[in-house]
Amino acid sequence: ALSSTPNLTTYVFAQGSLSWGPYAYATGGQVFRLTSNQQQIYNDLMSILDEICLGSGGSQTRYQRSYSGFLPASYGSQYDYKLGLCF
C-alpha cells in the first residue's frame with residue numbers, strides 16, 4: 001500500500017529500525033534511529049525538511065510522473081537561503 005501511493009515518502013523514527021526498513025525504503029524514505037539526543041533528532045528532522053524544500057537528485061524525477069490529485073510538498077515551495085526557511 002505504501003509503495004503504490006503516489007508521491008509518498010515514508011520516514012520512520014524507531015529504536016528497532018530493522019523491521020521498518022522495508023516500508024521506508026520502498027517509498028524512497030529513510031529510517032532514523034529514535035534517540036533521546038535532541039540534537040540528533042533535530043538534525044534528522046531538518047534533513048527531511050531539506051529534502052522536501054530542496055529536493056534530491058532522485059526524488060525530482062519521481063515527481064515528474066502524472067499527478068493524480070497528489071503533489072509533493074516541494075511542488076511550488078521556495079527556500080530562502082538567507083533566512084534558512086522553506087515556504
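Which residues form one aromatic cluster with F13? I began my notebook with this, and the answer I wrote down is that Y11 and F32 join F13 in one aromatic cluster. I add at once that the model I am reading is predicted.

**Entry: the chain as a whole**

I looked up the overall layout before returning to single residues, and I found three helices and four strands in the chain. Reading along the sequence, I noted the order of these elements as β-α-β-α-α-β-β. The chain has 87 residues, and 22% of them count as buried. I also looked up the surface, where the chain exposes about 6,200 Å², with carbon and sulfur atoms supplying 56% of that area. For contacts between residues at least 6 apart in sequence, I recorded that 33% join residues at least 24 apart.

**Entry: the aromatic pairs**

I then asked how many aromatic pairs the structure holds, and the number I wrote down is three. One of them is formed by F13 and F32, which are stacked, with 5.0 Å from centre to centre and 20° between the planes. This pair links distant parts of the chain, since F13 sits in strand β1 (residues 11-14) and F32 in strand β2 (residues 30-33), 19 residues apart.

Is F32 buried or exposed? I noted that F32 counts as buried because its relative accessibility is 5%, which falls under the 20% limit. For F13 I found a relative accessibility of 28%, so F13 counts as partly exposed.

**Entry: the surroundings of F13**

I stayed with F13 in strand β1 and listed what it touches, leaving out residues up to four places away in sequence: F32, L34, I41, D44, L45 and I48. For one of these residues, I41, I also looked up the backbone distance, and the C-alpha atoms of F13 and I41 are separated by 8.9 Å although the two residues are 28 apart along the chain.

**Entry: D44, a charged residue that is buried**

D44 caught my attention in that list of contacts of F13, and I located D44 in helix α2, which covers residues 38-54. What is the nearest side chain of opposite charge to D44? I found that it is R33, 7.8 Å away, and that D44 is buried yet has no salt bridge. The cut-off matters here, because a salt bridge requires a side-chain nitrogen of Lys or Arg within 4 Å of a carboxyl oxygen. With residues up to four places away in sequence again not counted, D44 touches F13, F32 and R33, and I note that F13 and F32 are also the two members of the stacked pair.

**Entry: a nonpolar patch on the surface**

I next looked for nonpolar surface and found a patch of about 300 Å², made by L2, W20 and Y23. I placed Y23 in helix α1, which runs over residues 21-26. Y23 has a relative accessible area of 46%, and Y23 is therefore partly exposed.

**Entry: two residues outside helices and strands**

Where does G28 lie? I found G28 in the loop between α1 and β2, and at 46% relative accessibility it counts as partly exposed. The C-alpha atoms of G28 and T10 are separated by 7.2 Å, while the residues themselves are 18 apart along the chain.

My last look-up was N7, which lies in the segment before β1. N7 is not a glycine, and yet I recorded a positive phi of about 55° for this residue. I also noted that N7 counts as buried, because its relative accessibility is 13%.

Definitions and conventions: Residues numbered from 1 in each chain as written. Predicted model: local features only at pLDDT ≥ 70, side-chain atom pairs only at ≥ 80, totals over all residues. Heavy atoms only, no water. Phe/Tyr/Trp six-rings, centres within 6.5 Å; stacked < 30°, edge-to-face > 60°. Buried < 20%, exposed > 50% of the residue type's maximum accessible area, 1.4 Å probe, protein only. Patch = residues over 30% accessible without salt bridge, like charges linked within 9 Å, V, L, I, M, F, W, Y side chains within 5 Å. Areas by Shrake-Rupley, 256 points an atom, 1.4 Å probe, with all protein chains shown as cover. Contact = heavy atoms within 4.5 Å. Lys, Arg positive; Asp, Glu negative; His and termini not counted.
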